[in-house]
2 protein chains.
Amino acid sequence: MKSKKDRLIFVTNDDGFSAAGFEAAIEVAREFGRVFAVAPATVQSGRSQAITMYEPLFLDMKRCEEGIEVYAFSGTPTDCVKVAFDNLLKDEKVDLVISGINHGSNSAINVLYSGTMGAAIEGSFYGCPAIGLSLTDHAADADFTAAKKYAREIIASVLEGGSELGRPLCLNVNVPNIALEEIRGVRVCRQCRGIWTEEFFRHEDPRGKPYFWLTGSYTNYEPESDDTDEWALAHGYVSVVPVQVDMTSYAQLTGLKSLLGGE
Amino acid sequence: MKSKKDRLIFVTNDDGFSAAGFEAAIEVAREFGRVFAVAPATVQSGRSQAITMYEPLFLDMKRCEEGIEVYAFSGTPTDCVKVAFDNLLKDEKVDLVISGINHGSNSAINVLYSGTMGAAIEGSFYGCPAIGLSLTDHAADADFTAAKKYAREIIASVLEGGSELGRPLCLNVNVPNIALEEIRGVRVCRQCRGIWTEEFFRHEDPRGKPYFWLTGSYTNYEPESDDTDEWALAHGYVSVVPVQVDMTSYAQLTGLKSLLGGE
């Protein structure tokens, strides 16, 4: 295993470079190696794995000190990963991607909407392990004490033994918003099935024009299943879901071939 | 099976309501039922399954005639689906979601970046089949003749027998940019493995400030495999990949439990 001084950790997030959770991630990452961080210049929550195709993007250095470099980039979280790996760190080997620590949960189906997880997934494409970290508290001044502790433990394990699990690990880690001493430990789980519903409210702007604004509530389709991330969080565990990116519905392949014919 | 007059088809896209491919999708959808369409007001290519959380969104009617209603919405493709299902069509039963026809390929890993597929996936959450349609030609004046023909065939099959394949079908359909008579037919396949690389070029703006702009080339990790969407497209077939949204890496669950300990 590499020593701390030889290790390079890339950090990003979706709440933007000024978020408290981003500082928390940098603080933890610094314990494991040199930190190179590129975060969105503005809030990019819910940006999924979006990329910016039709406009130029600007990079601004925000911090440069021994072992830590931080930039703000005017794109999405996934843009931040791409510009780091394909340009800024082109000649270096990144050992780990950390995305977060997000202010708010990214469990269950949120993995698809999440800019935090979009960036973690993108990072894993470059052949190194990636960890998306989220705390189930949206507050700007959320307490990241427990999240940092579990982040440290998970990062240490991944750096030590993660490479033995086949393809580079991409983890969706969510930490429940309860006191550190109440957390019952880490639980490896699968993505819970469920959806968001009732998701827009409708009002009128000051000039009488109607507008819609996203809101909604999450419906858990399988609250009784004890192997899901939602169950783990509801029962005081840190949930860890390993993520992969083949979205093929293999179970439907044969039936679909019969339905559509062709070869 | 429902008759055309009882059927409701929801149409959206990511190129925006004024794209030629959107008109092509509406034209095909109208052959199968009443059309209700909400498309982004602006180009939303590469928006993945992004949602708009921190700003209000506006809806404008663009067209209203017998059997066709079209709106432009100032959000992402996924926002368009949500506002339709959760507000505008709240009391109706949608029979099919069509997203597209996209100007450009959404095969392989592009399923993750694609706003077209983000909307199709979102549509499938509401319990009806969803079809993302893409033509591998980015041109604004692309010829959708072949794409429309195969869209018709696939839509007819899905409406007739799709409900027998378990969960609602969500299909990623890509049509190669070749003459209709050269297309060899439909091929049901899996998502090809591969990534985009070298993805930003760097220049200076008129005032000397450096900027980055996304570009890149796709690398196919398995060009020899004949069961992928990339292979199908390269060999003159319309590729059809059934999509599901559980991103759990089941193959890594056991190893990860050993690595991280806990329960």
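This is a stop-by-stop tour of a predicted two-chain model, with something to select at each stop.

Before you click, the model is predicted, so local features need pLDDT of at least 70 and side-chain atom pairs count only at pLDDT 80 or more, while totals for chains, interfaces and linings use all residues. Residues are numbered from 1 along each chain as its sequence is written, chains are lettered from A and ligands numbered from 1 in the order in which they are written, and side-chain values use heavy atoms, with hydrogens and water left out.

**Stop 1: both chains**

Show chain A and chain B in two colours and superpose them. Chain B goes onto chain A with an RMSD of 0.0 Å, using a turn of 180° and a shift of 0.0 Å along the axis. The two copies are thus related as by a two-fold rotation axis. The fit is by least squares on the C-alpha atoms of residues with pLDDT of at least 70 in both copies.

**Stop 2: the interface**

Now select what touches across the chains, where contact means heavy atoms within 4.5 Å. You should pick up 88 residues from chain B and 88 residues from chain A. Of the interface residues of chain B, 100% are also interface residues in chain A, so the copies meet through the same surface.

How much area is buried between chain B and chain A? About 7,900 Å², with carbon and sulfur atoms giving 62% of that. Buried area here is the accessible area (1.4 Å probe) that two parts lose on being put together, summed over both.

Next, polar pairs. There are 29 residue pairs in polar contact between the chains, both residues at pLDDT 80 or more. A polar contact is a pair of N or O atoms within 3.5 Å; within protein, one must be able to donate a hydrogen and the other to accept it, and residues adjacent in sequence count only if both atoms are side-chain atoms.

The rule also finds two salt bridges across this interface, each a side-chain nitrogen of Lys or Arg within 4 Å of a carboxyl oxygen of Asp or Glu. For one of them, pick A:Asp60 and B:Lys209: the closest N and O atoms are 3.9 Å apart.

On the side of chain B that touches chain A, helix H2 (residues 77–88) gives the most, with seven residues. Helices (H or I, at least four residues) and strands (E, at least two) are DSSP runs, numbered from the N terminus.

**Stop 3: B:Lys82**

Stay in helix H2 of chain B and select B:Lys82. Is this lysine buried or exposed? B:Lys82 counts as buried, at 1% relative accessibility; buried means under 20% relative accessible area, exposed over 50% and partly exposed in between (1.4 Å probe, protein chains only). The side chain of B:Lys82 has a polar contact of 2.8 Å with that of B:Glu122. Leaving aside neighbours within four places in sequence, B:Lys82 is in contact with residues of chain A including A:Tyr113, A:Trp196 and A:Glu199.

**Stop 4: A:Ser249**

Jump to the loop between strand E13 (238–242) and helix H7 (253–260) of chain A, where A:Ser249 sits. A:Ser249 is buried, at 1% relative accessibility. A 2.9 Å polar contact links the side chains of A:Ser249 and A:Gln252. Not counting residues up to four places away in sequence, A:Ser249 touches B:Arg167, B:Pro242, B:Val243 and B:Gln244.

**Stop 5: helix H4 of chain A**

Select residues 115–125 of chain A. In this helix 11 of the 11 residues are buried, so H4 is largely enclosed by the rest of the structure. At the N-terminal end, A:Ser114 acts as a cap, with a side-chain oxygen 3.1 Å from the backbone nitrogen of A:Thr116. Just after the helix, A:Gly127 has a positive phi of about 90°.

**Stop 6: backbone oddities**

Most residues other than glycine have a negative phi, and most peptide bonds are trans. Go first to A:Gly100 and A:Ile101, joined by a cis peptide bond with omega about -10°; A:Ile101 is in strand E5 (residues 96–103). In chain B, the bond from B:Gly100 to B:Ile101 is cis too, with omega near -5°.

For positive phi, try A:Ala108, near 50°, in the loop between E5 and helix H3 (110–113) of chain A. A:Ala108 is buried, at 0% relative accessibility. End at B:Ser48, where phi is about 55° and the relative accessible area is 4%, again buried.
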